[in-house]
Amino acid sequence: MPSTSSSAPSSPPIAPALPLIVGMIAISFAPILVRYSNAPVSVQGMYRMLFTILLMLPFGAKQVGALRRISVKDWLLLGGAGVFLALHFMLWMASLNYTSISSSTIILVLEPVFVMIGAFFLFKDRIAKSALLGMAIAFAGVVFVGSADSGVSTDAVKGDFLSFLGMLAIVFNMLIAKRIMTRVPSYLYSIIVFTVTFFCFWAYNAVQGITVIDYPPREWLVFALLAVIPTVFGHMIFNWLLQYEKPTTVSMTVLAEPIGSSILGIILFREMIGTLQLIGGLLVILGLVLYMRAEATTSAKPRKDDAASNIAS
């Protein structure tokens, strides 16, 4: 199959900052919506994917030709990305049953470190010293926020561990995405991966004998909002940006999620944050700004490895 990477656009049609901000705000609502639902996380995840797929289908008529050109190897990679995304949703959403919104989302900020390591070994991506400084400041902020937690219960430790495993799963998802999205359009990537994720949840519910029908209207509203807000305006935007940005750049946006989610947690669930958490949050924002500025400067310069790379959430 002839490669389509040469025809991929080198820069997005709009400034990356705008979709990044929209995506960061959108994903901040994910833990809030999960908390509002009383349905099993596997049911939430299944309908989140199903409703997202239904929303995307009307826009897929022009993609039939590209669908036929996907190689067997890329189909396998797409399947793997879908499995890892299902694992991410399952593990991370389950973590919210055991630990606080802030603790669960804070752990997700480890994602850029693992993505950066993976991208370095797999794609030869480099990172500027000023970007490393921004990352260091951001993670210092995470330490402040984490140290503010008083006492750790067995349930909290279990929730933190589930969130950590969910973070690792999304790292593999992003690295797979970056490898194939020079050959597969972002729309096709998203709808295929979401479909695989849907069937993973469906199979899990079927095997476990979990009901997927008998839920009140409030739950169906939450399912729909999970599809529209954090998925369409969050994950899909990030998938689209992976065509133009390095995986470390996109993954750094998760640093904003604990801040947005914690603020929403205060307003909606009265999960108050202390002084150390506030200081940590400000450091996270500062580090994120420094990192993004450094990455923007680096991206503006031609990289020797771009032409050789045939390559993310």
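The following paragraphs describe the helical layout, nonpolar cores, surface patch and aromatic contacts of a predicted model.

The chain contains 14 helices and 0 strands. Read along the sequence, its secondary structure therefore follows the pattern α-α-α-α-α-α-α-α-α-α-α-α-α-α. Of the 313 residues in the chain, 50% are buried. The accessible surface amounts to about 14600 Å², and carbon and sulfur atoms account for 71% of this area.

The largest nonpolar core comprises 64 residues. Within this core, the residues that touch the most other members are L78, L188, Y189, I191, F194, F201 and F238. Helix α5, spanning residues 72-95, provides the largest share of the core, with 11 residues. A further core of 7 residues lies apart from the largest one; M116, M135, F139 and A294 are among its members. In soluble globular proteins, nonpolar side chains tend to be buried together. For L188, when neighbours within four places in sequence are set aside, the contacts are Q63, A66, L67 and I70.

Two members of the largest core, Y189 and F194, also appear among the contacts of N239. N239 is located in helix α11 and has a relative accessible area of 4%. This value is under 20%, so N239 is classed as buried. Leaving aside neighbours within four places in sequence, N239 is in contact with M181, S186, Y189, S190 and F194. The C-alpha atoms of N239 and P185 are 9.7 Å apart in space, with a separation of 54 residues in sequence.

Helix α11 also contributes to the surface of the model. A nonpolar patch is formed there by I14, L18, V22, L55, V228 and F233, and together these residues present about 490 Å² of accessible area. At least two residues of the patch are supplied by each of two helices, α1 (17-28) and α11 (217-241). L18 belongs to helix α1. With a relative accessible area of 54%, which is over 50%, L18 is therefore classed as exposed.

Aromatic contacts were examined next. The structure holds 8 aromatic pairs. One of these is formed by W220 and F223, with 5.5 Å between the ring centres and 80 degrees between the planes. The arrangement is edge-to-face because the angle between the planes is over 60 degrees. Both residues lie in helix α11, where a spacing of 3 residues places W220 and F223 about one turn of the helix apart. The two residues are assigned to separate accessibility classes: W220 is partly exposed, with a relative accessible area of 27%, whereas F223 is buried at 0% relative accessibility. The assignment of W220 follows because its value lies between the limits of 20% and 50%. W220 and F223 also take part in one aromatic cluster, together with Y47, F51 and Y215.

Burial and local backbone geometry were also considered for helix α13. This helix spans residues 257-269, and its buried residues include E257, P258, I259, S261, S262, L264 and G265. The helix is followed by R270, for which phi is positive, near 55 degrees.

Technical notes: Residues numbered from 1 in each chain as written. Predicted model: local features only at pLDDT ≥ 70, side-chain atom pairs only at ≥ 80, totals over all residues. Heavy atoms only, no water. Helix = DSSP H or I, 4+ residues; strand = E, 2+ residues; numbered from the N terminus. Buried < 20%, exposed > 50% of the residue type's maximum accessible area, 1.4 Å probe, protein only. Areas by Shrake-Rupley, 256 points an atom, 1.4 Å probe, with all protein chains shown as cover. Patch = residues over 30% accessible without salt bridge, like charges linked within 9 Å, V, L, I, M, F, W, Y side chains within 5 Å. Salt bridge = Lys/Arg side-chain N within 4 Å of Asp/Glu carboxyl O. Contact = heavy atoms within 4.5 Å. Core = buried A, V, L, I, M, F, W, Y, C linked by side-chain atoms within 4.5 Å. Phe/Tyr/Trp six-rings, centres within 6.5 Å; stacked < 30°, edge-to-face > 60°.
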